[in-house]
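Subject: Structure handover

Hello,

Here is the structure we talked about. Please open it first, then read the notes below alongside it.

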Amino acid sequence: MDEVVEVRLGRTRSKEWQRVGHGVHRRVASTAPYADLHAWQQVLPSSAVLSHLSAAQVHGWWLPPLPDEFPVFVAMPRSAPRVRRPELVVTRHPAPPTSVTIDALRVTSPAETLASCARDLGVLDLVVLLDAALRAGTTREEILAAARRRRGSPRLLRALDLADPASESAWESLLRVLHVVREVPVVSQHEVRDEHGGFVARGELWVVGSRSLQEYDGGVHLEAGQYADDRRRERRLGDVGWRRNGYTSGDVLHRAVSILRAADEALGRQHDPERIRAWHDLLKCSLFSAAGTRALVKTWRPDLS
């Protein structure tokens, strides 16, 4: 990043300055990515680093839905001066947390970022972050090392068991976990081939033991060109006896029973709607639900409760 974000402390009424937090403003005209985080970095001690979901943002990972009143997360050694601002959630460590610099921002390392997120995020939120981190090159060994003797490590380890670096989006990750926690065996990015071994299509989730694919349909699938490609792909799958089921984010969050029913039908087993409870338990403790979001905001910003 070449641009240095200008910061002004104290009060200002000029329209050229945007409030970042109590007594902290940055110039509105700044075009730097994460300009607010750059502003905060300039007023924090040099030993402070961005952590938790703030670091996850800078790492470029997929994220769960973030609430409007979203704090900035900071980690710093206990020896550093104490920082208290309502917009910050500050954790203090016996030693400086491992960190890296990305676009001139000091952030916790990938494994340390995940360990800090595990303090309060739900398993489902952590799976989304883990899938993105593993896909970007973070290793399971690094994550396990960072999780040792840390608050939230049991949640992180459970999420790690559910993680899959083959995932290609956050919603694909959710769709996969929905199947796995309800004992529907699935394989990510499965290649469907015809009787001669010719490539037909690659499916997001193959229901093992069936000729059925379960896939997430994002907004891009409604675009004219993509829609036509999707229909041609479905015809190719149908020609070799395969079926594709496409689902939206609304299906994953609110109509999960119908997704499970289709998987049960593909496997030829009896559908039991009560089996969906394990999925709902994960969902309600995550940022993908209103209840989970309210609980976390209350933890992060008790002044807003």
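Start at Val127, which sits in helix 4, residues 123-135. The model is predicted, so keep that in mind throughout. Is Val127 buried or exposed? Val127 is buried, because its relative accessible area is 1% and the cut-off for buried is under 20%. Beyond four places in sequence, Val127 touches Ala159, Leu162, Arg176 and Val177. Pro33 is another matter: 94 residues along the chain from Val127, with 26 Å between the two C-alpha atoms.

Helix 4 also leads to the core. The largest nonpolar core has 54 residues. Leu53, Leu121, Leu129, Leu174 and Trp279 touch the most other members. Helix 4 gives the most to this core, namely 10 residues. A second core lies apart from it, with 21 residues, including Ala35, Ala48, Val83 and Leu88. As background, nonpolar side chains tend to be buried together in soluble globular proteins.

Take Leu53 from that list. Which residues does Leu53 contact, leaving aside neighbours within four places in sequence? The partners are Leu63, Pro64, Leu66, Phe70, Phe73, Cys117, Leu121, Leu129, Leu287 and Trp300. Two of these names, Leu121 and Leu129, are also on the list of residues that touch the most other core members.

Leu53 belongs to helix 2. That helix covers residues 52-59 and is mostly covered, with 8 of its 8 residues buried. Polar names are in there too: His52, Ser54, Gln57 and His59 are among the buried residues. Gly60 follows helix 2 and has a positive phi, near 80°.

Next, helix 3. It is largely enclosed by the rest of the structure, because 7 of its 8 residues are buried. These are Ala111, Glu112, Thr113, Leu114, Ala115, Ser116 and Cys117. What covers the buried residues of helix 3? The cover includes helix 2, strand 6 (88-93), strand 8, helix 4, helix 5 (140-147) and helix 6 (153-162).

Glu112 deserves a look of its own. It lies in helix 3, residues 110-117. Glu112 counts as buried because its relative accessibility is 9%, against a cut-off of 20%. Leaving out residues up to four places away in sequence, Glu112 touches His93, Pro97, Thr98, Ala146 and Arg150.

Now the hairpins. Strand 7 (residues 99-102) and strand 8 (residues 105-108) run antiparallel and are joined by 4 bridges. Thr101 has Arg106 in strand 8 as its bridge partner. Between strand 7 and strand 8 there are 2 residues, and Asp103 in the turn has a positive phi of about 50°.

Strand 9 (residues 186-193) and strand 10 (residues 199-207) also pair in the antiparallel sense, over 7 bridges. Val192 is matched with Ala201 in strand 10. This hairpin has 5 residues between its strands. Gly197 in the turn has a positive phi of about 90°.

Back to the start of the chain. Arg8 is found in strand 1, residues 7-9. How does its exposure come out? Arg8 is partly exposed, because its relative accessible area is 35%, which falls between the cut-offs of 20% and 50%. Apart from neighbours within four places in sequence, Arg8 is in contact with Trp17, Gly23, Val24 and His25. From Arg8 to Glu265 the C-alpha separation is 61 Å, over 257 residues of sequence.

Last, the overall numbers for the protein chain:

- Secondary structure: 12 helices and 12 strands.
- Span of the C-alpha trace along its principal axes: about 70 × 45 × 35 Å.
- Burial: 50% of the 305 residues are buried.
- Contacts: of those between residues at least 6 apart in sequence, 58% join residues at least 24 apart.
- Accessible surface: about 15,200 Å², with 49% belonging to carbon and sulfur atoms.
- Charges: 43 positive and 38 negative, with mean positions 8 Å apart.

Best regards

Conventions: Residues numbered from 1 in each chain as written. Heavy atoms only, no water. Buried < 20%, exposed > 50% of the residue type's maximum accessible area, 1.4 Å probe, protein only. Contact = heavy atoms within 4.5 Å. Areas by Shrake-Rupley, 256 points an atom, 1.4 Å probe, with all protein chains shown as cover. Lys, Arg positive; Asp, Glu negative; His and termini not counted. Charge placed at Lys NZ, Arg CZ, Asp CG, Glu CD. Core = buried A, V, L, I, M, F, W, Y, C linked by side-chain atoms within 4.5 Å. Pairing = 2+ DSSP bridges.
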